[in-house]
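I am opening a fresh notebook page for this one. Here is the structure, and my notes follow below it.

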There are 2 protein chains.
Amino acid sequence: MARIVMKFGGTSMAGTERIRRVANIVRRQQAAGHEVAVVVSAMAGETDRLVNFCREANPLYDPAEYDVVVAAGEQITSGLLALTLQALGCKARSWLGWQLPIHTDNAHAKARIGEIEADAVIASMEAGEIAVIPGFQGIGEDGRVATLGRGGSDTSAVAIAAAIGADRCDIYTDVDGVYTTDPRIVAKARKLKAVTFEEMLELASVGSKVLQTRSVSLAMKEGVRVQVLSSFVDDDAPLADDLPGTLIVSDEELEGLDMESQLITGIAADKNEAKVILTRVPDKPGAVAQIFGPLAAASINVDMIIQNVGREKGETDVTFTVPSADLVRTQALLEEHKDEIGFNRIITDAKVAKISIVGVGMRSHAGIAATMFKAMADRGINIQAISTSEIKVSVLIDEDETELAVRILHTAYGLDDDRDAA
Amino acid sequence: MARIVMKFGGTSMAGTERIRRVANIVRRQQAAGHEVAVVVSAMAGETDRLVNFCREANPLYDPAEYDVVVAAGEQITSGLLALTLQALGCKARSWLGWQLPIHTDNAHAKARIGEIEADAVIASMEAGEIAVIPGFQGIGEDGRVATLGRGGSDTSAVAIAAAIGADRCDIYTDVDGVYTTDPRIVAKARKLKAVTFEEMLELASVGSKVLQTRSVSLAMKEGVRVQVLSSFVDDDAPLADDLPGTLIVSDEELEGLDMESQLITGIAADKNEAKVILTRVPDKPGAVAQIFGPLAAASINVDMIIQNVGREKGETDVTFTVPSADLVRTQALLEEHKDEIGFNRIITDAKVAKISIVGVGMRSHAGIAATMFKAMADRGINIQAISTSEIKVSVLIDEDETELAVRILHTAYGLDDDRDAA
C-alpha cells in the first residue's frame, strides 16, 4: 500500500463527463490498495472567464478580491469530483484551502505555499476516504483566500504530496509524458521513462510546458517523486503504479533505475527570448553592474550574457537576452540609464531562438558541446551566442532556423532511433 | 448617519455591467453618510448551472459537497462587487461566510443561521469600508460550507442586519415594492408604502413572491425594518432613505407612520394548492389525528381543514388542502393508513386556487369577511372552503375563476382607486 497524490488539469476536468473519467481513474487507483488524495484544477476556460470578470469589474484589480473570485473555479470542480466519486461508490470529501488549511504568504494572486496542516486529511485518508483538494489556492496570513498564480495547481499537488508524505505525485495531463523534444517538431521524438529534477527544470525553463517550473523546484527540494502521465486513457490502461508516464526523480534514484544511459536527455527550443546588443560600452570595472542593476531592479530576467571585444580600445560590445515580453521595458530602462552606462547604441532582435541540449550525462563526458557546434556548422546555422550550465548547453540562433536546428541535434545525439530513451 | 444593509438579487447581479449599476447605488448610499454592508446573490442562472452540474455528477448528491459547489456563485459576485466598488473609488472588501463567520447548523443545503460574529465587519464598516457579503451561505458546526437553500440570500441579509444592529435592511429586487395584488392580474394594483410583518407573511405565504417567507419571519422576530425596492433605477432616482419602496415594519411603527388606513392591505392568489376530500370518516375523538399525523411526519404542509357533517350518522367528510407538489405523496400515505383512519374514498382536485384578503385593519372591524362572500356570490363564484386567521380570510375556489375573483375583491375593498394605499 502506498500513499498517492493525483493531480488533474483543467482539460481533464472540463465538464461532468470528463470528471467522470477522472473519477474512474481515481477509483481504480484506490482499488489498487492505496490511500489517495486528488488535487484538481478548474474546468478549462473557467479561470479565464473569472479573470475576465475581474478585468471588466476593475482593470487595476485588488489581488485579494481577484483571489476570492478566481478561487471559485477549483472549489466547484473539487465538490463535483467528490460527488462523482461518491456516485461510483467511493468515500470522498473535499477539503478547501482554508479548511486543511494550506497556509500561504500574503502575496495575493501569486502567493507561495508555507505550512500545510495535514493531520485531519491524513486521518481521513487512513479511514479510506478519498481527499479532494482544490489546487491553486490556500489561505493567507491575513485569513483571506490566496491563489498561487496561473498553473499553480501543479505546485499545490507537490506541496500536498510533501505534507502528507506521499510515495508519489502523479500529474495527469493531456500528454502522456515528457519527450526528448517537442513531437510537433520532431516526429521521432520519444517519451522519456525518467528524467532528473535538474533536467526537468532545464527542459521546463526553456520551453517544455508540461509542468510548472515552481512545482519541479519544490519537488526537488522536498524529494517528491513526480510522474507525468495522460488522463485520456481507457479503463483497461496500465495503472499509474506501472509507471506508464515519465518519472521525475533525483539523480540517485535515476541511477538506481538502471536504464540505458544517454548523454543527452532532451532538446528544447524557446522562441520567447529577444537579443539586445549595447555597442561601445566602456571596458572598465563596474560597467556590467551599471547595465544589469536597473534591469534586475525591474525584475527583468536576463539570460545569456556575452561580452565581445570592441572595435575601439577600452570599449566592448555587450550582448544579452531578455524575455521578448520585457524587450520594450528593457530598451526604455537602458535609454534612461544611458549616461551612467555610457554605451553608443542599442541594437535589438526579437527574431531569435534559444536551442538547448540538456542531460545529466554531460557532467561526465567531454565533447558534448563540440558535437552541437559541429552539427550546426555543417548545416550552416550561425550561432549568435552560447551559454552553458553543468547539465545544459544553449545557443542563440535565427528564429527561422529553430525547427531545423532541433531536428539536426535530435539526430546528432542519437535520440531518434527506436530504443527507449532514458 | 445610519447603518444600512443592502441586498441585491441574482437579476441585479447578472454580469459586470449590472454589477456596476449596483455599485453605483451602493456608492450613493454610502455617500449619503451611512455605514453600508451589501449582501449579494449569485448571477442569475449561475446557481442553476451549478445545481445542474451537481445533478449530473450525482443525482443523489451529498448536500455537504453540493454546498461546496453552489456556494461558489455568491463567492464570485461578492468579489466582483468589491472590485467594482473599488473601481468607483470606494473602500470595499468581501467577507465570505466562513470568514465572519456566519455560523449555521449542519443541515447542509437547507441550513439555518445561528450566531453571526460581526465584530470584525462592524469595525471595518466604522472605518469607512463597505462590507460585501455573499448571501445564502455560512459555515456549519462541522466546519464546512453550508447553504441556506434557494432564496436564502434574503434571510442572510436580515440576519446580518440583526447581527450588526442595522437601522434598515433594503432588499433590492426587480420590482419596486409590494403591491395590493399581482399587477399582472389587476392593472390598477397599487404599490403599498408600508405593510406589517404579519401582513407580509400572509401575503408571501399565499403567493406574493417578493420576499422569502423565512426572511420575513426572522425580520419580525429580530425587529429588523425591511424595505423592498427596485435596483433598476437611474442615478438621479430618490435615495433609499426617502423610502421609495415598500417598508415592512411592526404594527407599532406602522401606526406611527400615520398613513391613511385601509381595512384590507392586499389580495393574494395561490394556485399551488390541491384539495383532498376523505369521505365517511368515523366521527369520533382522535380521527383527525389519524389523518394528519402521517402527513405531518412526512413534512407535508396541510393548510385549510374543514370537517363536514356526513350523510350517515357517526360519520363525517374531511376536506383539506396540501401543496400540489405533495398531492401524489399525500394520496399514497392516506391509502397506506386507510385502515387506521377508516375512510371510504379519497377525492382529489388540483384545479383549485386559494384567494386571500389580508390586512391588520380587519382586527378591529367586523363584516370584512361578509363583504368578500357577498362580492363573490354576486358574480356566481362558488366557495369550496374557508379559513381565517386574525388578519386573513382565505377561500378556496375553482382555479379558472382566480383572476376574476381577485379583480372583484380588489374593487370591492376599494383598492383600485387613485389614492395611495397603506
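**Entry 1: a network to begin with**

Which residues are linked in a network of salt bridges? I found A:Glu46, A:Arg49, B:Glu46 and B:Arg49 linked in one. For a salt bridge I took a side-chain nitrogen of Lys or Arg within 4 Å of a carboxyl oxygen of Asp or Glu. One link of this network joins A:Arg49 to B:Glu46, with the closest N and O atoms 3.3 Å apart.

A note to self on conventions: this is a predicted model, where local features need pLDDT of at least 70 and side-chain atom pairs count only at pLDDT 80 or more, while totals for chains, interfaces and linings use all residues. Residues are numbered from 1 along each chain as its sequence is written, chains are lettered from A and ligands numbered from 1 in the order in which they are written, and side-chain values use heavy atoms, with hydrogens and water left out.

**Entry 2: chain B against chain A**

I looked up the whole interface next. Here 38 residues of chain B are in contact (heavy atoms within 4.5 Å) with 38 residues of chain A. The two chains bury about 3,200 Å² between them, and 60% of that is on carbon and sulfur atoms. Buried area here is the accessible area (1.4 Å probe) that two parts lose on being put together, summed over both.

I counted two salt bridges between chain B and chain A. Polar contacts across this interface come to 16 residue pairs, both residues at pLDDT 80 or more. My rule for a polar contact is a pair of N or O atoms within 3.5 Å; within protein, one must be able to donate a hydrogen and the other to accept it, and residues adjacent in sequence count only if both atoms are side-chain atoms.

Which elements supply the chain B side? At least two residues each come from α1 (16-31), α2 (46-57), α3 (63-70), α4 (72-87) and β3 (92-94) of chain B. The largest share, ten residues, belongs to α4(B). Helices (H or I, at least four residues) and strands (E, at least two) are DSSP runs, numbered from the N terminus. By residue type, this side of chain B divides into 21 nonpolar, nine polar and eight charged. In that tally Ala, Val, Leu, Ile, Met, Phe, Trp, Tyr, Cys and Pro are nonpolar, Asp, Glu, Lys and Arg are charged, and the others, Gly among them, are polar.

**Entry 3: two domains in chain A**

I then turned to chain A alone. An automatic or database domain assignment divides chain A into domain 1 (3-255) and domain 2 (261-416). Their C-alpha centres lie 33 Å apart. The contact takes 20 residues from domain 1 of chain A and 23 residues from domain 2 of chain A. These domains bury about 1,700 Å² between them, 59% of it on carbon and sulfur atoms.

How many salt bridges did I count between the two domains of chain A? The count is one. I also noted that A:Lys392 pairs with A:Glu202 in a salt bridge, the closest N and O atoms being 3.2 Å apart. Polar contacts between these domains come to nine residue pairs. On the domain 1 side, β10 (194-196), α7 (197-205) and α9 (251-256) of chain A each supply at least two residues. Of these, α7(A) gives the most, with five residues. That side of domain 1 divides into eight nonpolar, six polar and six charged residues.

**Entry 4: salt bridges within chain B**

Over all chains I get 38 salt bridges. I picked out some of those in chain B.

- B:Glu126 meets B:Arg3 at 3.2 Å between the closest N and O atoms. B:Glu126 lies in helix α5 (residues 119-126) and B:Arg3 in strand β1 (residues 3-8), so the pair ties together parts that are 123 residues apart in sequence. B:Glu126 is exposed (over 50%) at 52% relative accessible area, while B:Arg3 is buried (under 20%) at 15%.
- B:Lys392 and B:Glu202 meet at 3.2 Å, N to O. B:Lys392 is in strand β20 (residues 392-398) and B:Glu202 in helix α7 (residues 197-205), 190 residues apart. Both of these residues are buried.
- B:Arg280 and B:Glu315 meet at 2.9 Å, N to O. B:Arg280 is partly exposed, with a relative accessible area of 34%, and B:Glu315 counts as partly exposed at 22%.

Definitions and conventions
Buried < 20%, exposed > 50% of the residue type's maximum accessible area, 1.4 Å probe, protein only.
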